[in-house]
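Q: Got a minute? I have a structure open and want to talk it through.

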Amino acid sequence: MDEKEACKRLTVCMGDITRLEVDAVVNAANNTLLGGGGVDGAIHKAAGPELMDLTRRLGGCPTGEARVTPGFRLPARWIIHTVGPVWRGGGQGEAGLLRRTYRNSFKLALDKGVRTIAFPAISTGVYGYPKEAAARIAVASALEVAEAFERIVFCTYSERDESVYRRVLEEFCG
Ligand code: ADP
């Protein structure tokens, strides 16, 4: 697939990821998979307590890896939980780890037959990853696999983040 076709499958939106009608939403979880603040808290709250009953049994998730659960009360059929790196200045392998969260999430999505998927801006909240650099990794990773999906959504949660993604998409896709 040429780059232009791949670019058409990438979209940016702003709003609550728990509301999106996609096959899978990605959760920026932490190593325990037991919920937390930010998007993780919102997903657990919206999916209902059955989610925690299940994640408690998964035994956590190492940074860079991903795990899949049903979406329970979400409109999305699946939740892909992935753990992004905490930003420690950039010299601790953060970029590689963030890339792995996207690649592993896409891999699990493909295993489940997912055609539409939405990502939050992994690691850019309390984990402190610089937003623009993180968005470049997100977009580059999505372009690598776009031909296998119908739609890949970057779900931002502020106007500022939305414009970061739009700028980065423009950079890659023109
Ligand atoms: P991390 O610990 O990986 O940094 P956070 O949840 O703190 O994860 O932040 C990741 C991103 O998710 C941030 O950009 C934050 O604004 C965003 N976010 C928080 N709540 C939601 C939500 N309900 N839907 C989509 N994005 C959200």
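Q: Which residues form a disulfide here?
A: Cys7 and Cys173 do. Their sulfur atoms are 1.9 Å apart. Keep in mind that this is a predicted model.

Q: How many disulfides does the structure hold?
A: The count is 1.

Q: Remind me, what is a disulfide?
A: It is a covalent bond between the sulfur atoms of two cysteines.

Q: Is the link of Cys7 and Cys173 left-handed or right-handed?
A: Left-handed. The angle about the S-S bond is -80 degrees.

Q: And which helices hold Cys7 and Cys173?
A: Cys7 is in helix α1, residues 3–8. Cys173 is in helix α6, residues 159–173. The two cysteines are 166 residues apart, so to speak of parts of the chain, the pair links distant ones.

Q: New topic: the ligand. Which residues come nearest?
A: There are 15 residues around the ligand. Asp16, Val39, Ser123, Gly125 and Val126 come nearest.

Q: Which helix gives the most to the shell?
A: Helix α2, residues 38–47, with 3 residues.

Q: What is the shell like by class?
A: It has 8 nonpolar, 5 polar and 2 charged residues.

Q: What lies close to the ligand's oxygen atoms?
A: A backbone N or O atom of Ser123 lies 2.9 Å from one ligand oxygen. For Val126, a polar backbone atom is 3.0 Å from a ligand oxygen. Asp161 uses a polar side-chain atom, 3.4 Å from an oxygen of the ligand.

Q: How much of the ligand does the protein bury?
A: The protein buries 89% of the 560 Å² that the ligand exposes when taken alone.

Q: Which pocket is that space?
A: The ligand takes up the largest pocket.

Notes. Residues numbered from 1 in each chain as written. Predicted model: local features only at pLDDT ≥ 70, side-chain atom pairs only at ≥ 80, totals over all residues. Heavy atoms only, no water. Near = heavy atom within 4 Å. Polar contact = N/O pair within 3.5 Å; in protein donor to acceptor, adjacent residues only side chain to side chain. Areas by Shrake-Rupley, 256 points an atom, 1.4 Å probe, with all protein chains shown as cover. 1 Å grid on protein atoms, 1.4 Å probe; cavity = no way out; pocket = protein on both sides within 12 Å on 5 of 7 lines; lining within 4 Å. Sits in = over half its atoms within 2 Å of the grid points. Helix = DSSP H or I, 4+ residues; strand = E, 2+ residues; numbered from the N terminus. Nonpolar A, V, L, I, M, F, W, Y, C, P; charged D, E, K, R; others polar. Disulfide = S-S within 2.5 Å.
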